[in-house]
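Got your viewer open and a hand on the mouse? Load the model below and follow along, one selection at a time.

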Amino acid sequence: MIVLGEAALTEIDKKYAAFAEAFEKEYVSQGYTTNRTIEETLDKGWELLHILPRSELKRIKDDMLDQYYGK
């Protein structure tokens with residue numbers, strides 16, 4: 001197994017790493033005391049997706065991106 005340092009990552013790799021870290025911390029590991037509505041949860045998801053460039057969000061329909069990513 002080879003472990004690469006951050007210096008070996010491309011800029012887009014760094015954005016994916018930042019997204020993964022933020023997603024785990026703010027979305028998955030929210031804890032038992034966090035009480036969000038489904039709307040707040042979806043808004044948090046869109047907020048986290050802003051870490052990535054829109055061009056990387058290829059599996060999300062353009063009309064959804066126009067409506068929610070552009071906020």
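Here is a short tour that starts at one helix and works outwards. Keep in mind that this is a predicted model.

**Stop 1: helix α2**

Select residues 38–49, which make up helix α2. These 12 residues reach 17 Å from the first C-alpha to the last, close to the 16 Å expected at 1.5 Å a residue. Now colour T41, K44, G45, W46, L48 and L49: these are the buried residues of α2. What covers them? Show α1 (11–28) and α3 (62–69), which are included in that cover.

Zoom in on T41 for a moment. T41 is buried because its relative accessible area is 17%, and buried means under 20%. Leaving out residues up to four places away in sequence, T41 touches Y27 and R36.

**Stop 2: the charged pairs**

How many salt bridges does a search of the whole structure find? The search turns up five. In general, side chains of opposite charge can pair when their charged atoms come close.

Select K44 and E26 to see one of these bridges, with the closest N and O atoms 3.2 Å apart. K44 sits in helix α2 and E26 in helix α1, so this pair ties together parts that are 18 residues apart in sequence. E26 itself is partly exposed, at a relative accessible area of 29%.

Keep K44 on screen and add E47. Their side chains also meet in a salt bridge, at 3.3 Å from N to O. Both residues belong to helix α2 and are three residues apart, about one turn of the helix. An α-helix has 3.6 residues a turn, so residues three or four places apart point the same way. With E26, K44 and E47 all shown, you're looking at a network of linked salt bridges.

Next, try R54 and D66, whose closest N and O atoms are 2.7 Å apart in another salt bridge. R54 is in the loop between α2 and α3 while D66 is in helix α3, so the pair ties together parts 12 residues apart in sequence. Check their surfaces too: R54 is partly exposed at 32% relative accessibility, and D66 is exposed at 52%.

**Stop 3: the nonpolar core**

Select F19, A22, W46, L48, L49, L52, L57, L65 and Y69. These nine residues make up the largest nonpolar core. Elements giving two or more residues to this core are α1, α2 and α3, and α2 gives the most, with three. As a general point, nonpolar side chains in soluble globular proteins tend to be buried together.

Which residues does F19 touch, not counting those up to four places away in sequence? Turn on L48, L49, I51 and L52, and you have them.

**Stop 4: the rings**

A search of the whole structure finds three aromatic pairs. Start with F23 and Y27, a stacked pair at 4.9 Å centre to centre with 20° between the planes. Both lie in helix α1, four residues apart, about one turn of the helix. Add F19, and you can see a cluster in which ring pairs link F19, F23 and Y27. Y27 counts as partly exposed, at 24% relative accessibility.

Finish with W46 and Y68, a stacked pair at 5.4 Å centre to centre, with 20° between the planes. This pair links distant parts of the chain, with W46 in helix α2 and Y68 in helix α3, 22 residues apart. Are the two partners buried or exposed? W46 is buried, with a relative accessible area of 14%, whereas Y68 counts as partly exposed at 25%.

Methods:
Residues are numbered from 1 along each chain as its sequence is written. This is a predicted model: local features need pLDDT of at least 70, side-chain atom pairs count only at pLDDT 80 or more; totals for chains, interfaces and linings use all residues. Side-chain values use heavy atoms; hydrogens and water are left out. The expected span of a helix is 1.5 Å times one less than its number of residues. Buried means under 20% relative accessible area, exposed over 50%, partly exposed in between (1.4 Å probe, protein chains only). Contact means heavy atoms within 4.5 Å. A salt bridge is a side-chain nitrogen of Lys or Arg within 4 Å of a carboxyl oxygen of Asp or Glu. A nonpolar core is a set of buried Ala, Val, Leu, Ile, Met, Phe, Trp, Tyr and Cys residues joined through side-chain atoms within 4.5 Å. Rings of Phe, Tyr and Trp (its six-membered ring) pair if their centres lie within 6.5 Å; planes under 30 degrees apart count as stacked, over 60 as edge-to-face and the rest as tilted.
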